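Please examine the model shown below. The paragraphs after it begin with one residue and then widen to the helices and the chain as a whole.

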Amino acid sequence: MTTASQPPSLSLTGKKVVVVGGKTGIGLGIARAALAAGATVVVASRRITSLEARPDLAGLQQASLDMRDEAAVRAAFSAIGPFDHLVVTAAPDIGTWGGFMDADMSGVRSYVEGKFLGTWACARYAAPLLGKGGTMTFLSGGMAVRPKLGFTAVTSSFAAVEALSASLAVELAPTRVNTIRPGYVETDMWNFLPAEVRAGMSQQVAASFPARRAGQAEDIAHAALFLMTNPYVTGTVLDVTGGENLVNSIG
């Protein structure tokens with residue numbers, strides 16, 4: 001006969017969360033949500049930023065970490081020390097992946113190294129530091145299952161991250177490892193586009209996606225907190241897409 005237990009909550013009081021890529025976009029949304037849920041939060045990126053330049057980072061600790069440099073990843077986690085939850089949202093810049101038939105493979109090698117092998121390195125050096133009940137959460141994207149012309153490196157890297165997540169859920173058990181697969185989310189990632197183009201994309205999403213609105217970083221953050229705090233979810237890919245997979249995607 002099983003005994004009743006307390007239902008899971010989204011509280012992270014007393015926990016330490018490391019968000020790689022946590023100073024922009026979805027990563028920043030997750031970092032802020034974890035902080036609000038009571039966690040001590042470390043955001044890791046290539047550079048330390050002053051609070052004068054980024055007052056929105058107040059309350060967040062910072063660590064220097066370059067995902068393409070294994071020695072730097074090792075050193076960063078050694079300096080961070082023991083913690084409870086790892087979230088890896090970082091990825092190379094948009095447009096850096098190159099095309100399938102480019103004259104050389106420098107673009108795809110750089111993207112795979114930054115996204116897939118970078119996630120691998122973070123998981124490798126974080127694993128010994130995670131406490132009991134610890135988790136890892138990775139980030140992929142809809143192109144893992146809905147490829148688009150010109151995005152072969154992205155699709156392949158996303159699919160590889162999802163496969164890594166499932167494999168580590170077995171290899172590192174009972175540490176729980178999951179991936180979030182977001183749909184279109186309004187973040188500063190799209191700031192390279194003109195304002196009118198961004199507005200048009202959001203309007204298209206609101207008109208066609210079943211959720212009838214564009215995604216926000218807070219939507220992905222809520223999913224991340226769920227994966228950190230639900231003790232019976234591991235080895236899964238969680239779609240947070242507003243129903244994008246049910247209709248024709250944008251772009």
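In this predicted model, Thr187 makes contact with Gly25 and Ile26, when residues up to four places away in sequence are left aside. Thr187 lies in the loop that runs between β7 (185-186) and α5 (195-208). Is this loop residue buried or exposed? The relative accessible area of Thr187 is 16%, and because the limit for a buried residue is under 20%, Thr187 is classed as buried. A further reference point for Thr187 is Asp84: the two are 103 residues apart in sequence, and their C-alpha atoms are 27 Å apart in space.

Two of the helices may be considered next. Helix α4 covers residues 152-171, a run of 20 residues. At 1.5 Å a residue, such a helix should span 28 Å, and the end C-alpha atoms of α4 are indeed 28 Å apart, so the expected and computed values agree. The buried residues of α4 include Val154, Phe158, Val161, Leu164 and Leu168. Polar side chains also occur in this buried set, among them Thr155, Ser157, Glu162 and Ser165. What covers the buried residues of α4? The cover includes the helix α3 (106-126) together with the strands β5 (130-139), β6 (176-182) and β9 (237-240).

Helix α6 comprises the 13 residues 217-229. The same rise of 1.5 Å a residue gives an expected span of 18 Å for α6; its end C-alpha atoms are 19 Å apart, which agrees. Among the buried residues of α6 are Ala217, Ala221, Ala223 and Ala224, along with Ile220, Leu225 and Leu227. Met228 and Thr229 of α6 are buried as well.

These elements belong to a protein chain whose secondary structure consists of six helices and nine strands. For 251 residues, a compact globule would have a radius of gyration near 18 Å; the value for the protein chain is 18 Å, and therefore it agrees with that expectation. Along the principal axes, the C-alpha atoms fill a box of roughly 50 × 40 × 40 Å. Of the 251 residues in the protein chain, 45% are buried. Among contacts with a separation of 6 or more, 70% join residues that are 24 or more positions apart.

The surface and the charges complete the description. The protein chain has an accessible surface of about 12,700 Å², and carbon and sulfur atoms contribute 58% of it. The chain carries 20 positive and 19 negative charges, and the mean positions of these two groups are 5 Å apart.

How values were computed:
Residues are numbered from 1 along each chain as its sequence is written. This is a predicted model: local features need pLDDT of at least 70, side-chain atom pairs count only at pLDDT 80 or more; totals for chains, interfaces and linings use all residues. Side-chain values use heavy atoms; hydrogens and water are left out. Helices (H or I, at least four residues) and strands (E, at least two) are DSSP runs, numbered from the N terminus. The radius of gyration is taken over C-alpha atoms; the globule rule is 2.2 Å times the number of residues to the power 0.38. Buried means under 20% relative accessible area, exposed over 50%, partly exposed in between (1.4 Å probe, protein chains only). Contact means heavy atoms within 4.5 Å. Accessible areas come from the Shrake-Rupley method with a 1.4 Å probe; for residues, only the protein chains shown count as cover. Lys and Arg count as positive and Asp and Glu as negative; His and the chain ends are not counted. The place of a charge is taken as NZ of Lys, CZ of Arg, CG of Asp or CD of Glu. The expected span of a helix is 1.5 Å times one less than its number of residues.
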